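Reader: I'm new to this and I keep getting lost in all the ribbons. Please pick one part, the way the strands and helices sit against each other, and walk me through it slowly.

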Amino acid sequence: MPTTPFDGQKPGTSGLRKKVKVFQQPGYAENFIQSVFDVVEKGEAATLVLGGDGRFHNRTVIQQAIRMAAANGYARVLVGQGGILSTPAASHVIRKYKASGGLVLSASHNPGGPDEDFGIKYNIANGGPAPEGVTGAIHARTQEIDRWLTIEAQDVDLDTVGIVEVGDMNVQIIDPVADYADLMEDLFDFAAIRKIVASGFTMRFDAMSAVTGPYAKEILEGRLGFAEGTVVNGTPLEDFGGHHPDPNLIHAKDLYELMMGEGAPDLGAASDGDGDRNLIIGRGRFITPSDSLAMLAANIECAPAYKGRLTGIARSMPTSAAADRVAEALGVPAFETPTGWKFFGNLLDAGMATICGEESAGTGSDHVREKDGLWAVLLWLNILAVRDISVDDLAKAHWARFGRNYYARHDYEGIEKEGADALMAALMDELEALPGQEFGDLVVEEADSFSYTDPVDGSVSANQGIRILFVGGSRVVFRLSGTGTAGATLRVYLENYVPPSGDLDAETGAMLKAQIDAAEAVAGIARFTGRTAPDVIT
């Protein structure tokens with residue numbers, strides 16, 4: 001089919017994300033998918049994995065992608081039943097069946113529906129997101145593409161498990177849950193978890209009307225014995241029930257209020273649109289994603305599959321340094337990477353890191369090459385079962401040993417891109433002059449634009465965010481997000497380290513006031529954006 005390029009098809013940190021109406025333009029999705037097929041390595045008799053989070057437009061693009069895969073020489077496509085595959089499940093299926101890669105159709109935690117967001121991401125043969133070299137080649141191809149390939153074929157019945165032929169290609173509709181659930185049972189001590197469930201341990205899992213509902217029902221209620229109804233909002237809906245499937249304290253407010261009230265379950269958890277993020281709340285205790293990474297790493301050997309094999313801990317640069325303190329205490333390396341799960345792939349493949357995490361609620365390990373929301377929840381359950389401890393007591397014991405990194409992220413969403421770019425440019429101009437400057441009681445020790453050199457392949461990723469590091473271990477980080485579909489999102493990350501001898505159970509906002517004031521003084525957020533307060537605090 002002849003075509004012409006569309007502007008703006010450069011993949012971000014997790015693929016191409018745009019409004020549904022953009023993807024509905026004739027040839028738009030086809031151009032991007034064909035550009036992927038034109039540049040990726042697939043070899044002979046290649047297998048492609050295909051699925052998504054069930055959001056609006058998911059089925060339409062899957063049908064077209066099947067026909068295009070047949071025209072582009074794939075021998076087999078594995079498709080999740082109903083077009084459903086969580087992002088971590090897709091990674092596992094790619095790895096288990098030795099596929100050459102997969103198309104994951106999702107805009108992650110972004111809203112869904114006819115007027116909301118859609119996305120396409122390509123994962124490579126290791127199960128992880130395509131690295132920058134591949135996404136760069138895909139983008140270059142989108143700028144010069146002049147045709148896409150398809151065949152004449154009927155739509156495939158996506159709702160019936162089985163095998164059909166499309167052209168010369170084998171299309172296998174697979175149970176989207178079974179392989180993943182089996183993997184989780186291999187990793188964790190399900191017997192220990194079943195024991196605490198039988199003794200009265202309770203939880204609430206909010207699937208947010210998104211992809212993890214079927215997975216959580218099978219594993220939590222089916223295999224672990226939690227009561228029916230433990231999983232709420234468990235049916236994936238094309239518009240996520242009109243809600244925003246982002247597991248934070250704003251969009252999962254009902255869960256937070258439940259967990260902070262009388263008679264709360266022992267554990268509250270949630271996951272996002274495509275199943276790669278997590279929220280952890282104990283009875284009366286919210287655990288930040290940064291702290292969750294550190295606490296999981298410190299206790300990972302409670303899970304049978306990880307006993308004796310913690311080789312390293314990796315975190316994204318904006319994530320708090322809490323995990324670094326665990327790594328130091330355990331005598332393993334700590335890695336600080338740019339934002340984007342693809343940067344963890346080389347470390348995991350090389351065996352240099354076992355657990356990874358991001359402040360944006362993504363945690364995972366070397367079992368797949370994606371962050372994995374339900375995996376994190378199950379590791380928490382495993383640890384609580386083995387240690388016979390509550391979430392709150394585990395957190396207090398952790399901070400008493402390692403100290404506490406008070407942490408928050410302030411998001412300024414949908415701001416004018418011109419103002420956002422001007423703010424970052426002004427910060428860049430100030431960097432050399434900042435060390436030694438005082439902002440209240442804070443003294444700047446170092447300021448830079450973060451650059452990462454991959455220890456495995458030597459590749460360099462520059463300009464990954466601006467760091468202002470203060471004497472004593474606190475810091476402020478500024479970064480423009482690549483996950484939105486309209487305007488710009490400025491993320492400001494705030495961190496204040498308090499040693500074990502300090503106040504470990506104070507209110508986070510109060511403990512970060514000095515950093516918040518310093519961020520405004522350094523960057524002039526109100527002046528450049530017109531905003532006097534963030535839209536979301538997590």
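Author: Let's start with a bit of vocabulary: two strands pair if DSSP finds at least two bridges between them. Keep in mind, too, that what you're looking at is a predicted model.

Now try that rule on strand β8 (residues 203-206) and β9: they run parallel and are joined by two bridges. With a cut-off of at least two bridges, they therefore count as a pair. You can find the spot by looking for aspartate 206, which stands opposite valine 232 in β9.

Zoom out from there and you'll see an open sheet of five strands, ordered β9-β8-β10-β11-β12, with mixed pairing. The edges are β9 (231-232) and β12 (285-287); each has a single partner strand, so one side of each has no neighbour in the sheet. Helix α14 (residues 391-402) lies across β10 (267-271), β11 (278-282) and β12, and its direction is at about 60° to β12.

There's another open sheet, this one with seven strands in the order β1-β5-β4-β2-β3-β7-β6, and its pairing is mixed as well. Here β1 (16-19) and β6 (162-166) are the edge strands, each pairing on one side only. If you ignore direction, neighbouring strands in this sheet are turned by 20° against each other on average. Pick out strand β2 (residues 47-52) and strand β3 (residues 76-84): they run parallel, with five bridges joining them. Leucine 48, for instance, has valine 77 in β3 as its bridge partner. Helix α2 (residues 28-39) packs on this sheet, where it touches β1, β2, β4 (101-105) and β5 (117-124), and its direction makes about 10° with that of β5. Helix α4 (residues 87-96) lies across β2, β3, β4, β5 and β7 (169-174), running at about 165° to β4.

Next, helix against helix. The axes of α6 and helix α8 (residues 212-223) come within 10 Å and cross at roughly 45°. That angle makes α6 oblique to α8, and their crossing is right-handed. On the α6 side you'll find Ala178, Tyr180, Ala181, Asp182, Met184 and Glu185, which meet Tyr215, Glu218, Ile219 and Arg223 of α8. Sorted by class, that contact has six nonpolar residues, four charged and no polar.

Helix α6 (residues 178-187) also meets helix α13 (residues 373-387), with axes that come within 11 Å and cross at roughly 30°. Angles under 35 degrees count as roughly parallel, so α6 is roughly parallel to α13. This crossing is right-handed too. Tyr180, Met184 and Leu187 of α6 make the contact with Leu374, Trp375 and Leu378 of α13. By class, that's six nonpolar residues, with no polar and no charged.

Last stop: a hairpin. Strand β18 (residues 438-439) and strand β19 (residues 442-449) run antiparallel, joined by two bridges. Phenylalanine 439 has leucine 442 in β19 as its bridge partner. Two residues lie between the strands of this hairpin, and in the turn glycine 440 has a positive phi of about 65°. Follow β19 along and you'll reach its pairing with strand β22 (residues 466-470), antiparallel again, with five bridges. Look there for serine 449, which stands opposite isoleucine 466 in β22.

Methods
Residues numbered from 1 in each chain as written. Predicted model: local features only at pLDDT ≥ 70, side-chain atom pairs only at ≥ 80, totals over all residues. Heavy atoms only, no water. Axes fitted to C-alpha atoms, helices over the stretch in contact; angles between N-to-C directions. Helix = DSSP H or I, 4+ residues; strand = E, 2+ residues; numbered from the N terminus. Parallel < 35°, antiparallel > 145°, perpendicular 65-115°, else oblique. Left-handed = near helix turned anticlockwise from the far one by under 90°. Contact = heavy atoms within 4.5 Å. Nonpolar A, V, L, I, M, F, W, Y, C, P; charged D, E, K, R; others polar.
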